[in-house]
Amino acid sequence: RPSVAEGDHDFFVEKDGERLAGIHLLLDMWNARNLENPQKIELAFRAAAKAAGATVLSVFHHSFSPSGGISCIAALAESHISVHTWPERDFAAIDIFMCGTCDPYLAASTLRRFFAPSSVEMTEQKRGLLR
């Protein structure tokens with residue numbers, strides 16, 4: 001879990017000996033479920049943010065017709081969680097970007113349980129890495 005140095009108010013963190021703005025996880029979930037209900041996705045985002053230690057500021061979602069796909073974003077005090085779903089392909093593309101002491105991997109675990117995919121491809125990007 002990242003740590004913020006005392007007196008550091010820019011929310012850059014130290015992780016594995018590196019200073020960075022935060023961790024950005026990209027998840028491709030295949031054969032996923034729960035792709036068409038924006039209210040349930042919002043509840044899953046709120047649970048994911050809570051698990052990670054993040055603060056939800058606002059949640060916006062939009063439903064697409066006729067596919068039933070959803071775009072949803074949770075604006076966090078510590079950055080964001082977003083998803084775009086393709087129910088016709090059982091696919092969800094998720095972004096989780098968090099700064100400060102939040103743990104985006106805990107959010108990812110929560111969303112993995114909610115979407116229940118058979119396969120997940122996840123990549124990590126270190127954002128704002130100080131060199």
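The paragraphs below go through a predicted model, taking the sheet, the helices, the core, a buried histidine, the aromatic pairs and some backbone details in turn.

The sheet comes first. Six strands form an open sheet in the order β4-β5-β6-β7-β3-β8, and the pairing is antiparallel. The edge positions belong to β4 (residues 56-63) and β8 (residues 119-127). Each of these two strands has a single partner, so one side of each is left without a neighbour in the sheet. From one strand to the next the twist averages 10°. Within the sheet, β6 and β7 are paired in the antiparallel sense over eight bridges. A reader who wants to fix the register of these strands can start from Thr-85, which stands opposite Ala-92 in β7.

Two helices lie across the sheet strands. Helix α1 lies across β4, β5, β6 and β7, and runs at about 150° to β4. Helix α2 lies across β3, β6, β7 and β8, and its direction is at about 15° to β3. Strands β6 and β7 thus appear in the list for α1 and again in the list for α2.

The nonpolar core draws on both helices and on several of these strands. The largest such core holds 32 residues. Inside this core, the residues with the most contacts are Ile-81, Ile-96, Met-98, Leu-111 and Phe-115. Two or more core residues are given by each of β3 (22-30), α1 (38-52), β5 (70-76), β6 (79-86), β7 (91-99) and α2 (104-115). Helix α1 supplies the largest share, six residues.

Leu-111 gives a view of this core from one side chain. Apart from its neighbours within four places in sequence, Leu-111 is in contact with Met-29, Ala-44, Phe-45, Ala-48, Ile-81, Ile-94 and Ile-96. Two of these partners, Ile-81 and Ile-96, are also among the residues with the most contacts inside the core.

Not every buried residue is nonpolar. His-24 lies in strand β3. Is it buried or exposed? His-24 has a relative accessibility of 9%, under the 20% limit, and therefore counts as buried. Its side chain takes part in polar contacts with two others. One contact, of 3.3 Å, joins the side chain of His-24 to that of Asp-95. Another, of 2.8 Å, joins the side chains of His-24 and Arg-127. Residues up to four places away in sequence aside, His-24 touches His-80, Asp-95, Ile-96, Phe-97, Thr-123, Glu-124, Gln-125 and Arg-127. Ile-96 in this list is also one of the core residues with the most contacts.

The aromatic rings come next. A pair of aromatic rings is described by the distance of the centres and the angle of the planes. The count of aromatic pairs comes to three. In one of them, the ring centres of Trp-30 and Phe-91 are 4.3 Å apart. Their planes stand at 40°, which lies between the limits of 30 and 60 degrees, so the pair is tilted. This pair links distant parts of the chain, with Trp-30 in strand β3 and Phe-91 in strand β7, 61 residues apart. The two partners fall into separate accessibility classes: Trp-30 is partly exposed, with a relative accessible area of 34%, while Phe-91 counts as buried at 10%.

Another aromatic pair, formed by Phe-114 and Phe-115, is edge-to-face, with 4.7 Å from centre to centre and 80° between the planes. Here Phe-114 counts as buried at 18% relative accessibility, and Phe-115 counts as buried at 0%. Phe-115 is also listed among the residues with the most contacts inside the core. Ring pairs further link Trp-30, Trp-86 and Phe-91 into a cluster.

Some backbone details remain. Where is the cis peptide bond? It joins Ser-65 and Pro-66, with omega at about 0°. Pro-66 lies in the loop between β4 and β5.

Positive phi values occur in residues that are not glycine. In Ser-79, phi is near 135°, and this residue lies in strand β6. Asp-90 has a positive phi of about 55°, and is placed in the loop between β6 and β7. With 34% relative accessibility, Asp-90 counts as partly exposed.

Definitions and conventions:
Residues are numbered from 1 along each chain as its sequence is written. This is a predicted model: local features need pLDDT of at least 70, side-chain atom pairs count only at pLDDT 80 or more; totals for chains, interfaces and linings use all residues. Side-chain values use heavy atoms; hydrogens and water are left out. A nonpolar core is a set of buried Ala, Val, Leu, Ile, Met, Phe, Trp, Tyr and Cys residues joined through side-chain atoms within 4.5 Å. Buried means under 20% relative accessible area, exposed over 50%, partly exposed in between (1.4 Å probe, protein chains only). Helices (H or I, at least four residues) and strands (E, at least two) are DSSP runs, numbered from the N terminus. Contact means heavy atoms within 4.5 Å. A polar contact is a pair of N or O atoms within 3.5 Å; within protein, one must be able to donate a hydrogen and the other to accept it, and residues adjacent in sequence count only if both atoms are side-chain atoms. Two strands pair if DSSP finds at least two bridges between them. Axes are lines fitted to C-alpha atoms, for helices over the stretch in contact, and angles run from 0 to 180 degrees between N-to-C directions. Rings of Phe, Tyr and Trp (its six-membered ring) pair if their centres lie within 6.5 Å; planes under 30 degrees apart count as stacked, over 60 as edge-to-face and the rest as tilted.
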